[in-house]
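Let's work through a protein chain together, one small exercise at a time. Keep the structure open beside you as you read.

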Amino acid sequence: MEDIALVLDGHLDAPAEPGDSADTAFWRLNSSPTDHLIHDALIPCTTNTAHVANTLLTECRPGDLLRVVGRLTLPDTGQGPICLHADSVEILWQAPDLPDDEDTPEASAEIGAAIESLAQALAGGQAPGPDQRVRIHLSPTGAPQAGVDLSRSLHLTPARAHQLADAIDAMNAFHSSGPLDGLDEVTVADLNALFGDLDLVDLTHEVLKTAPPQAHRAICQAMDAMFGDIDDPSLEDGDTP
C-alpha cells in the first residue's frame with residue numbers, strides 16, 4: 001500500500017529509544033484527531049535521519065508537543081501495525097519540569113477534573129459539525145501516567161472561538177481594573193477624593209457633546225451601568241431616552 005505524506009502534531013508519550021543501527025530512533029506520539037485519524041491515537045514513529053534521531057534522543061522529553069513530518073505506512077492487512085517514518089521533527093512546546101511531589105494520584109485527579117471542566121466550558125454544549133474548524137488540545141504538562149489519558153481535544157466554530165476570545169478579554173480587563181498594590185494610604189485617599197468630586201451629570205454632558213445623537217442612548221445606558229442613575233442631559237423634562 002502506498003505511504004501517506006503526513007504532518008502530525010502530538011505529545012511525546014515516553015522517552016525516545018535508539019534503534020538497532022546508528023542514527024535511528026523510535027518513539028510514540030500521542031496524537032489528536034486529524035483528517036487521517038478519527039480518534040486520539042498513539043502513533044508509533046521511527047526515523048533513520050541522523051539529525052531527527054539526535055533531536056528525539058537528546059532534546060525531547062515526555063510531554064513535549066512535537067510536529068512530525070513524514071510518511072505514514074499503513075498495514076497490508078487488518079492486523080498489521082502502522083508507523084510514521086519521520087523526515088523532520090519540530091518541538092512546538094516543551095513540557096516544564098514538575099516537582100516529584102506533584103505526581104500523585106490526588107494531583108492527577110485534580111488536574112483531570114480541571115481539564116474536563118475547562119473542556120466542557122470551552123465547548124459550550126456545541127454539537128459536533130463540519131463547521132467546527134478550530135481545534136483546542138488540553139493536556140497535563142509533563143509525562144502522562146501509564147494507562148491514564150487526561151487529554152481532551154475539542155473542535156469549535158470560528159464564531160465560538162471569537163466569543164471565547166471576547167470573554168477572556170473582558171475577564172482580563174476586569175482583573176486589571178482591581179486595586180493596585182503598593183499604593184500608600186495618602187495616594188488612595190487622594191484618588192478617592194478625586195473621583196468623589198466628579199459631577200456625573202457634567203461628565204455625561206461632556207461625553208455626549210462629542211458623540212452623534214444616535215449614540216446618546218447607548219452612552220447613557222453604559223454610564224448608568226457603571227455609575228448608576230445617569231440621565232441624558234440633552235433630554236427635556238418628561239422625555240425618555
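**Exercise 1.** Which residue in S6 is the bridge partner of Leu72?

*Solution.* Start with the ground rules: the model is predicted, so to speak of a local feature takes a pLDDT of at least 70, side-chain atom pairs count only at pLDDT 80 or more, and totals for chains, interfaces and linings use all residues. Residues are numbered from 1 along each chain as its sequence is written, and side-chain values use heavy atoms, with hydrogens and water left out. Now look across from Leu72 into S6, and you find Leu84. Next, step back to the strands themselves: S5 and S6 run antiparallel and are joined by nine bridges. Two strands pair if DSSP finds at least two bridges between them. Finally, turn to S1, which is joined to S5 by eight bridges, again antiparallel. There, Val7 sits opposite Val69 of S5.

**Exercise 2.** Work out how helices and strands are ordered along the chain.

*Solution.* Count first: there are six helices and eight strands. Both are DSSP runs numbered from the N terminus, with helices (H or I) of at least four residues and strands (E) of at least two. Then read along the sequence, and the pattern is β-β-β-β-α-β-β-α-β-β-α-α-α-α.

**Exercise 3.** Find the largest nonpolar core and see what feeds it.

*Solution.* You're after buried Ala, Val, Leu, Ile, Met, Phe, Trp, Tyr and Cys residues joined through side-chain atoms within 4.5 Å. Buried means under 20% relative accessible area, exposed over 50%, and partly exposed in between (1.4 Å probe, protein chains only). The largest such core has 17 residues, and Trp27, Leu29 and Val89 are among those with the most contacts inside it. Strands S1, S3, S4, S5 and S6 each give two or more residues to this core, and so does helix H1 (50–58). Leu29 makes a good example: leaving aside neighbours within four places in sequence, its contacts (heavy atoms within 4.5 Å) include Leu8, Ile43, Leu66 and Val68.

**Exercise 4.** Is Ile115 buried or exposed?

*Solution.* Place the residue first: Ile115 lies in helix H2 (residues 105–123). Its relative accessible area is 9%, so Ile115 is buried. Beyond neighbours within four places in sequence, Ile115 touches Leu138, Ser139, Pro140, Leu150 and Arg152. Ser139 is 24 residues away along the chain, yet the two C-alpha atoms are separated by 7.1 Å.

**Exercise 5.** Compare two aspartates, Asp9 and Asp23.

*Solution.* Take Asp9, in strand S1. With a relative accessible area of 19%, Asp9 is buried. Its side chain makes a polar contact of 2.8 Å with that of Arg67. A polar contact is a pair of N or O atoms within 3.5 Å; within protein, one must be able to donate a hydrogen and the other to accept it, and residues adjacent in sequence count only if both atoms are side-chain atoms. Asp23, by contrast, is in the loop between S2 (17–18) and S3, and is partly exposed at 47%. Its phi is near 65 degrees, a positive value in a residue other than glycine.

**Exercise 6.** How far can you trust the model?

*Solution.* Check pLDDT, the predictor's confidence in each residue from 0 to 100. The chain averages 78, and 72% of the residues score at least 70. Over residues 236–241, though, the pLDDT is below 50. Where pLDDT is low, the predicted coordinates should not be read in detail.
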